[in-house]
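Visitor: I am new to this structure and would like a close look at one part of it. Could you take me through the largest pocket and the salt bridges that go with its surroundings?

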Amino acid sequence: MKIPYGLSNFKKVITEGFVYVDKTAYIAALEADGQYHFLLRPRRFGKSLFISALEYYYDIKHQADFEAIFSQLHIGQHPTPTRSSYQVLFMDFSGIATDSAESVYRVFTHKVDVALQRTLERYHYPPEAIASVAKSPSPYEKMESFFKATETQKIFLLIDEYDHFANSMLADDPKLFQSVMGKGGFVRSFYETIKTATQRGTIDRLFITGVTPLMLDSMTSGFNIARNLSLHRDFNATMGFTQTEVAALIQPLVETCQLDTNVLLDDMAHWYNGYRFHPKATETVYNANMVLYFLDNFRLEECAYPEQMLDENIASDYRKIMALFGIGDTEANYQVLDELITTGTVKAQQQRKFELDKNFSRDDFISLLAYMGFVTISGSTLTQTVFAIPNHVIRELYFHYFKVELERRNQISIPNQSLTQAIELLALQDDIQPLLNEMQRVLQVLSNRDFMKMDEKHIKTLLLTLLYHSPVYFIQSEREMNHRYPDILLLERSPYAVPHQHLIELKYAKKSEGVKGWEAKREEGITQVQGYLQLPEIAALPKLSAWVLLTDSEQLDVVKVQ
């Protein structure tokens, strides 16, 4: 099974025998919806491969290859009249350095220049047309020259990563963002020329992808023709994989390694599934690249999961995007994050675009997290959308970020090495004390400050922050089991074979209640844990130790129940 991890050339994927999840039915759906579209999705969700499929489907230059590429796919068996009928202009705005306005302008102009000249050469336009584009000084003037040369044609314009450089600018230098994207900026004038070309009929179809709608407000006055399908129910699964699609992808592993399909699907769902882009979408979708990474790194000779369940390249992408948490009121943003990892959900009114010349509100921030893939739609109220963390990958990244913020805000250091050793001792020797020592040290600092409202939920957040530092365990927090919710389960996960799994129940005793309150909480915790141990799902767990962890935010005590 050839896995196309990291590949975005559609022809290569299809003709060289790579596995492909057929998304081509959405080509006809896009045509039925209109001519000009935006479709935004989180990083590494399969956007570039989809846009490459559009290029090969519509490009008249690929007409001779149509059967070889599409004959086995849905759109090849149900083609539309517009197949292989366009000259295609493709642009990609990734990789633009954002250290200064001059460098952004220079590289943006270069990318536009290269794309336009390459397209003119490809369709054999006269040399003077190519020269006219080359000598035009600005991006919008280059576009005007290009559209003058192609005015008798119908162009399909594809733009990938339309907002990549803008997201970086806004995170690093908001003033630079405003100068480039605001009124009079070269990006706005660039899109104004595209709008004009649609009005004249030169651009007959348009498809733009990216991550966030941060640029849409800056483009609106000059570019209000495209439909934003990002939150449209019918296009929920255009990119990413459904449960059925993932089940088909893992079937060779199931057969070769004699794996339980449901167990493997459950594990992958915990890590990579959970994305929903409309409150009434019938199913969630998996991050496509995360799934392909898993398949590509599955150790078939040992029938074992990858050692790292998240590709470092993807983790790096998400860490970069986390810089956007600094937009607007950073303290208010942090309170949203605190609420999210403490309670599991947040509510907001979903924003379709951001007006950055106004205050960046709580609704804006939460909506931004959703576009980036850090939260996903889990439901709705009468007027608001309910958002939740989609999966274990994102939850892990949150807790890594929370640890950094915990250290920065309180001017403390939580040594990575000692934390790693403490969790390994818990896993290998059933020794919880080193972990408690690390927790005690942090609590001693926090108890004298107003950083956290010390209650049971925040104590649990602190413990989870420490536990998420290590990849040894699959961590479950308040997993529902017969209407009961154990605080923390530390479960063995492939490929780490450990002799001890753990159930930890946290109890917070108020200092004002004294010794009697402390003892009452201890007994309450023991009774709860004993009840959990009777649950079939818990009783079936091998090598399980069960603990009650008791604290008043300064003192820590532990009782081993099993």
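Guide: Happy to help; what follows starts with the pocket and then moves on to some salt bridges. Please keep in mind that this is a predicted model.

Let us begin with the pocket itself. The largest pocket has a volume of about 630 Å³. Its lining is made of 26 residues, and those closest to the centre are Gly-344, Arg-395, Ser-477, Glu-478 and Arg-479. Sorted by class, the lining counts eleven nonpolar residues, nine polar ones and six charged ones. If you would like to trace the walls along the chain, five elements each give at least two residues to the lining: helix H14 (261-272), helix H17 (330-343), helix H19 (392-410), helix H22 (456-467) and strand E9 (473-477).

Now pick out Arg-479, one of the residues closest to the pocket centre. The side chain of Arg-479 meets that of Glu-537 in a salt bridge, with 2.7 Å from N to O. This pair joins distant parts of the chain: Arg-479 sits in the loop between E9 and strand E10 (488-492), while Glu-537 belongs to helix H24 (residues 536-539), and 58 residues separate them. Both partners are partly exposed, since the relative accessible area of Arg-479 is 29% and that of Glu-537 is 40%.

Next, turn to H17 and H19, two of the helices that supply the lining. Here Glu-331 and Arg-409 form a salt bridge through their side chains, at 3.0 Å from N to O. Again distant parts of the chain are linked, with Glu-331 in helix H17 and Arg-409 in helix H19, 78 residues apart. Glu-331 has a relative accessible area of 37%, so this residue counts as partly exposed. Arg-409 is partly exposed too, because its relative accessible area is 25%, and the cut-off for buried is under 20%.

Arg-409 also has a partner within its own helix. A salt bridge connects Arg-409 with Glu-405, where the closest N and O atoms are 2.9 Å apart. These two residues are both in helix H19, four residues apart, which is about one turn of the helix. Glu-405 is buried, because its relative accessible area is 8%, and buried means under 20%.

Stepping back, these contacts belong together: Glu-331, Glu-405, Arg-408 and Arg-409 are linked in a network of salt bridges. For the wider setting, the structure holds 25 salt bridges.

Conventions: Residues numbered from 1 in each chain as written. Predicted model: local features only at pLDDT ≥ 70, side-chain atom pairs only at ≥ 80, totals over all residues. Heavy atoms only, no water. 1 Å grid on protein atoms, 1.4 Å probe; cavity = no way out; pocket = protein on both sides within 12 Å on 5 of 7 lines; lining within 4 Å. Points joined across faces, edges and corners; volume = space filled by probe spheres on them. Nonpolar A, V, L, I, M, F, W, Y, C, P; charged D, E, K, R; others polar. Salt bridge = Lys/Arg side-chain N within 4 Å of Asp/Glu carboxyl O. Buried < 20%, exposed > 50% of the residue type's maximum accessible area, 1.4 Å probe, protein only.
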